[in-house]
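Here is a short briefing for a first look at this protein. Keep the sequence and the 3D view side by side as you read.

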Amino acid sequence: MAVTKTLRSGAWRVVELITTPLVPADYLDAVAPLRNPSVLRAKVEAVRPETADSVTLTLRPGRGWREHVPGQYVRLGVDVDGVRLWRSYSVTSAPGGRGDRFTVTVNAVPGGKVSTHLVRHARAGMIVHLDVPAGEFTLPATRPGKVLFVTAGSGITPVMGMLRSHLDELADVVVVHSARTPEAAVFGPELRALVGAGRIRLVERHTATQGRIKAADLDELVPDRAERATWACGPNELLDDIEAHWAQTGGGLLHTERFRPTVVAADAAGGNVTFTRAGRTVPAGGGEPLLEAGEAAGVLMPSGCRMGICFKCVLPLREGAVRDLRDGQLTVTEPGDNIPIQTCINAAAGDCRIDL
C-alpha cells in the first residue's frame, strides 16, 4: 500500500512538472468545472424567458454548495468581455430542488453589464462562478398570521422564492407589486394564477399609466396594513418612502431589501486611482464606486454584497481621499496611513492609492 501511494505521489509530481505553470487541477477544472469544492461554480442548465427583458436561469451548483433559505440571494461571477464581474441575484426557487438545482431570475437594467449579458446571451452549458447563499430578507421560523409583500420591478424575485416555499404556511397574504406594464411584470401570470386559486390577494400597479406607488397609498390599498408584517423590496426611493412612512404612522414588523446602495451626488470630480500591487492606475469618476472602476480596468477586486453590508470588498487606502457615496462623508489619509475602506460605496475624491 505504501509503495502504491509513493508511486501515485511521484506520478502526480511528474504531471505537475509537465503542466507548469498550470497545475493538474487546472486541467481537471476545465474538464469538470463543478468538481472543486474550494472554487464554487455552477452550470446553467436551462434559460427560460419571463418577459422581454428578464430570464430565469436554472443552475446546477458544484461541490461546496449549501442550500439557501427562501428570500436569500447568491452572488454570480460572470465573465463579460474578458472581465469577471460579480452581481447578486435572489434565489427564486424553493429549497430542495432536484439535485440541488436552483433558479435565479435576472431582469436587464439600463447600463447593467451583467444583467444585460445574462438576459441576452446566457445559454445552457454556460459556467458561472458562485458564492454561497446570504441575506436576512427571510421569514421568521414562527410565520406571521398576516403578511404584506410590497415589491417593484425585480424586487419581486426574493418574494417569489418565499411564496413558492412558504405559501402553505401563510394564512393571509397580500402582494402589492409595481411594474411598468402588465406584460413587464415578472412572474405576472403566476401571481395572477395564485389570485385565481384564492391563495393571495394581489394589487398590481402599472406605472406607465398609473404612476409610481407611494407608501401612503398602501393605507388605502391595504386597509389593515398596520396589522401586517411587511417585507418590501425594490428601488431605494420606494424603500426610503416606506421606511419613513412606517416610522411616522407605525405598523407591524417591517423588513426591507435593497439591491443597490443609496447614492448621493459626489462633489469631487473623481481622480486617478492607483492599485499598487496590481500596478494599475485608472481614472475614476466622483460618482463611480472604486470597486466598479477597478473591475472595469480588469483589476481583480474582492467583493460581496456590493451594498456596503458584508465588508468583503474592504481594502487599505494608503494615500489620497475618498467619498462615501451614501452620505458624502470624506475619508482623507495622512502620510503613513493604512485606512480600511469599502470600495463598493466609496468613490475617488481626487487622486488616491489603494493597496491591492
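Which strands and which helix do the buried residues of helix 4 pack against? They pack against strand 4 (83-90), strand 5 (102-107), strand 7 (146-152), strand 8 (172-179), helix 5 (188-196) and strand 10 (229-233). This is a predicted model: local features need pLDDT of at least 70, side-chain atom pairs count only at pLDDT 80 or more, and totals for chains, interfaces and linings use all residues. Residues are numbered from 1 along each chain as its sequence is written, and side-chain values use heavy atoms, with hydrogens and water left out.

**Confidence**
- The mean pLDDT (the predictor's confidence in each residue, from 0 to 100) is 87 for the protein.
- A pLDDT of 70 or more is reached by 88% of the residues.
- Residues 1-5 stay under 50, and the model gives them zero contacts (heavy atoms within 4.5 Å) beyond four places in sequence.
- Residues 18-28 are also below 50 in pLDDT, but this stretch has 11 contacts beyond near neighbours in sequence.

**Overall build**
- The protein has nine helices (H or I, at least four residues) and 17 strands (E, at least two), taken as DSSP runs numbered from the N terminus.
- Of its 356 residues, 47% count as buried (under 20% relative accessible area; exposed is over 50%, partly exposed in between; 1.4 Å probe, protein chains only).
- Among contacts with a separation of 6 or more, 66% join residues 24 or more positions apart.

**Helix 4**
- Helix 4 spans residues 156-166 and is mostly covered.
- Nine of its 11 residues are buried.
- They are Ile156, Thr157, Pro158, Val159, Met160, Gly161, Met162, Leu163 and His166.

**Cysteines**
- A disulfide is a covalent bond between the sulfur atoms of two cysteines.
- The count of disulfides (cysteine sulfur atoms within 2.5 Å of each other) is zero.
- Cys305 is in no disulfide; its nearest cysteine sulfur, that of Cys310, is 3.8 Å away.
- Cys305 counts as buried, at 5% relative accessibility.
- Cys233 is buried too, with a relative accessible area of 0%.

**Cavity**
- Rolling a probe the size of a water molecule over the atoms shows where empty space is left.
- The structure holds one cavity of 30 Å³ or more (a set of points on a 1 Å grid over the protein atoms alone, where a 1.4 Å probe fits but cannot get out).
- The largest cavity has about 50 Å³ of space, the volume filled by probe spheres set on the points.
- It is lined by 10 residues (those with an atom within 4 Å of a point).
- The closest to its centre are Glu67, His68, Gly96, Asp100 and Arg101.

How values were computed. 1 Å grid on protein atoms, 1.4 Å probe; cavity = no way out; pocket = protein on both sides within 12 Å on 5 of 7 lines; lining within 4 Å.
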